[in-house]
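Please look through the following structure, and then read on for a walk through its cores and its strands.

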Amino acid sequence: MPDRHLHIISFDVPYPPVYGGVIDVFHKIRMLNQLGIKVILHCFEYGRKEVDVLSGMCEKVYLYPRLTGISSALKWRPYIVESRRSADLMNNLLRDQHPILFEGLHSCYYLSDPRLGNRFKIYRESNLEHRYYYHL
């Protein structure tokens, strides 16, 4: 059987799994690993840097800093999305043709990027974030 790979873009480092969103991402990675899926994990970190456990479950773990501050706040996209952009992330995604799972609205900066137009992409909604930000 050929290797099966999946990029997961997470809004935060999902370890330790101590709050709602990261609990879901962590256990998803754990189960995918048990099923033989090779996860390439991309995390936006801002304080949580524990990746040893994740490295044991993932093919590769990449950490990217959040671009916090005024430059991310004065944009048309929500701050939680705008602050999670990275040229390094895009370069890493473009290295192959594996499917991409965007975990929550936070991680969707590149969802409609034309460079990923031919890729199989999944957006997994967390809560009803899109409604909340629409009404802001």
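Ile-29 touches Ile-8, Pro-14, Val-39, Leu-41, Leu-54, Met-57 and Cys-58, leaving aside residues up to four places away in sequence, where contact means heavy atoms within 4.5 Å. The model is predicted, so local features need pLDDT of at least 70 and side-chain atom pairs count only at pLDDT 80 or more, while totals for chains, interfaces and linings use all residues. Residues are numbered from 1 along each chain as its sequence is written, and side-chain values use heavy atoms, with hydrogens and water left out.

Ile-29 is also among the residues with the most contacts inside the largest nonpolar core, which has 19 residues, and it shares that place with Ile-8, Val-39, Leu-41 and Leu-54. A nonpolar core is a set of buried Ala, Val, Leu, Ile, Met, Phe, Trp, Tyr and Cys residues joined through side-chain atoms within 4.5 Å, and buried means under 20% relative accessible area, exposed over 50%, partly exposed in between (1.4 Å probe, protein chains only). At least two residues of this core come from each of strand 1 (4-10), helix 1 (20-34), strand 2 (37-45) and helix 2 (52-57), these being DSSP runs numbered from the N terminus (helices H or I, at least four residues; strands E, at least two). Helix 1 gives the largest share, five residues. Apart from this core lies another, of 17 residues, including Ile-40, Ile-80, Leu-93 and Phe-102.

Phe-102 belongs to strand 4 (residues 100-103), from which Ile-100 and Phe-102 point one way and Leu-101 and Glu-103 the other way, all of them buried. Strand 4 runs parallel to strand 1, joined by three bridges, and His-7 stands opposite Ile-100. Strand 4 also pairs in the parallel sense with strand 5 (residues 121-124) over four bridges, pairing being counted if DSSP finds at least two bridges between two strands; here Phe-102 stands opposite Tyr-123.
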